[in-house]
Amino acid sequence: MIFRQLFEPLSSTYTYLIGCEETGKAILIDPVIASMDRDIEELKKLNLTLEYSIDTHIHADHITSSLHLKEKLKSKIANPIVDKLPCADLYLEEGKPLQIGSIKLESLHTPGHTPGHFAYIINNAVLTGDSLLIDACGRTDFQGGSSEQLYISIHKKLFTLPDDYLVYPGHDYQQRFVSTIKQEKTRNSRLGNNKTSEEFEEIMKNLNLPYPKFIDYAVKGNQLCGVCPDDLPENLQNYCKQMTESYQG
C-alpha cells in the first residue's frame with residue numbers, strides 16, 4: 001500500500017493519499033482546493049488513478065477539492081451518509097467497508113465536532129479527521145457540535161481500538177505527524193488519563209476560541225462538495241487561489 005501524508009499550510013490540514021500498488025487505484029482523504037495541483041502531481045508521480053475523494057466531515061476552515069477533482073480526473077466523491085450531500089456519488093456507512101483494490105477503508109461515525117463526522121480505519125491506522133487530534137481534539141462550539149457526543153465518540157469508538165493503532169489527525173499546528181491510540185489515551189490533555197465527561201465538557205466550554213474566519217464561506221462551499229464563492233473577500237483569496245490559477249492556466 002502507498003501512503004502519503006500531505007500538508008496544506010494555510011489551514012494546517014493533512015490530506016492523505018492512499019494507493020493500491022497492485023491496481024494503481026487511489027483515494028484522497030480530506031483534499032484541499034488550495035493544494036489540488038500538488039495532489040494531482042503526486043498522483044501522476046506515483047502512477048495512480050484517483051478513484052474517490054473522501055472527506056471526514058463538512059469542513060469549516062478550507063474548501064474541499066472533491067468536486068474539482070471529479071471534473072478534472074473523472075474520480076468519484078464519497079462522503080459520510082449522515083450528511084447526505086446530494087453531490088456525493090457514494091455514501092459511506094459504518095459497518096460497510098469500501099474496497100479499492102487492496103485498500104479496505106472502514107468507516108466509524110464519530111460525531112461531536114460535527115454531527116456527521118467520520119473517522120476512517122485502514123489496516124492498523126485510523127484517520128481521525130477533526131475528532132481526535134494529537135494532544136487535543138476538534139472544537140465543539142459550532143456546526144451542531146457537542147462535547148458530550150465527542151467524548152462518547154472518542155472513548156467508546158476510537159479509544160477502544162488497539163493501543164498500537166496509529167492516529168493520523170486531520171490537522172496539526174505544531175508540526176506533529178502521527179500518534180497512537182495508547183499515547184492519546186494516556187497523554188491527551190483534554191481527553192486522556194481517564195478524564196471524566198464532566199471534566200472534558202468543562203475544558204471545552206472554557207477554550208474561548210475565536211470565530212473561524214473562513215467558516216461562513218467554507219461550510220456552504222463544502223455542502224456542494226467544494227465550490228468557492230464568487231464574493232470571497234480579498235483577505236481570504238488565498239483559500240481558493242490555487243484553484244483559480246489552475247483553471248486560468
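How many nonpolar, polar and charged residues are in the lining of the largest pocket? Keep that in mind as we walk through this predicted model.

**Stop 1: the largest pocket**

Start by selecting Ser 11, Asp 61, Arg 139, His 171 and Tyr 173, which are the closest to the centre of the largest pocket among the 29 residues that line it. The space you are looking into comes to about 630 Å³. Now for the opening question: the lining has 14 nonpolar, eight polar and seven charged residues.

**Stop 2: the cavity**

Next, look for a cavity. The structure holds one of 30 Å³ or more, and about 70 Å³ of space lies in the largest cavity. To find the place, select the residues that line this cavity, among them Asp 55, His 57, Ile 58 and His 59. Then add Thr 64, Asn 79, Pro 80, Asp 83 and Leu 85, which are also part of the lining. Finish with Asn 222 and Cys 225, and the cavity lining is in view. Try colouring by class: four of the lining residues are nonpolar, five are polar and two are charged.

**Stop 3: helices α1 and α2**

Now for some helix packing. Two packed helices are described by the angle between their axes and the distance between the axes. Select residues 36-45 for helix α1 and residues 66-73 for helix α2. The two pack at an angle of about 45°, and their axes are 11 Å apart. That angle makes α1 and α2 oblique to each other, and their crossing is right-handed.

Which residues meet here? From α1, show Met 36, Ile 40 and Leu 43; from α2, show His 68, Leu 69, Lys 72 and Leu 73. In this contact, five residues are nonpolar, one is polar and one is charged.

**Stop 4: helices α3 and α5**

For the last stop, select residues 147-156, which form helix α3, and residues 197-205, which form helix α5. At what angle do these helices pack? The angle is about 130°, with the axes 9 Å apart. Helices α3 and α5 are therefore oblique to each other, and they make a right-handed crossing.

Turn on the side chains to explore the contact. Ser 147, Glu 148, Leu 150 and Tyr 151 in α3 meet Ser 197, Phe 200, Glu 201 and Met 204 in α5. Coloured by class, the residues of this contact divide into four nonpolar, two polar and two charged.

Methods. Residues numbered from 1 in each chain as written. Predicted model: local features only at pLDDT ≥ 70, side-chain atom pairs only at ≥ 80, totals over all residues. Heavy atoms only, no water. Axes fitted to C-alpha atoms, helices over the stretch in contact; angles between N-to-C directions. Helix = DSSP H or I, 4+ residues; strand = E, 2+ residues; numbered from the N terminus. Parallel < 35°, antiparallel > 145°, perpendicular 65-115°, else oblique. Left-handed = near helix turned anticlockwise from the far one by under 90°. Contact = heavy atoms within 4.5 Å. Nonpolar A, V, L, I, M, F, W, Y, C, P; charged D, E, K, R; others polar. 1 Å grid on protein atoms, 1.4 Å probe; cavity = no way out; pocket = protein on both sides within 12 Å on 5 of 7 lines; lining within 4 Å. Points joined across faces, edges and corners; volume = space filled by probe spheres on them.
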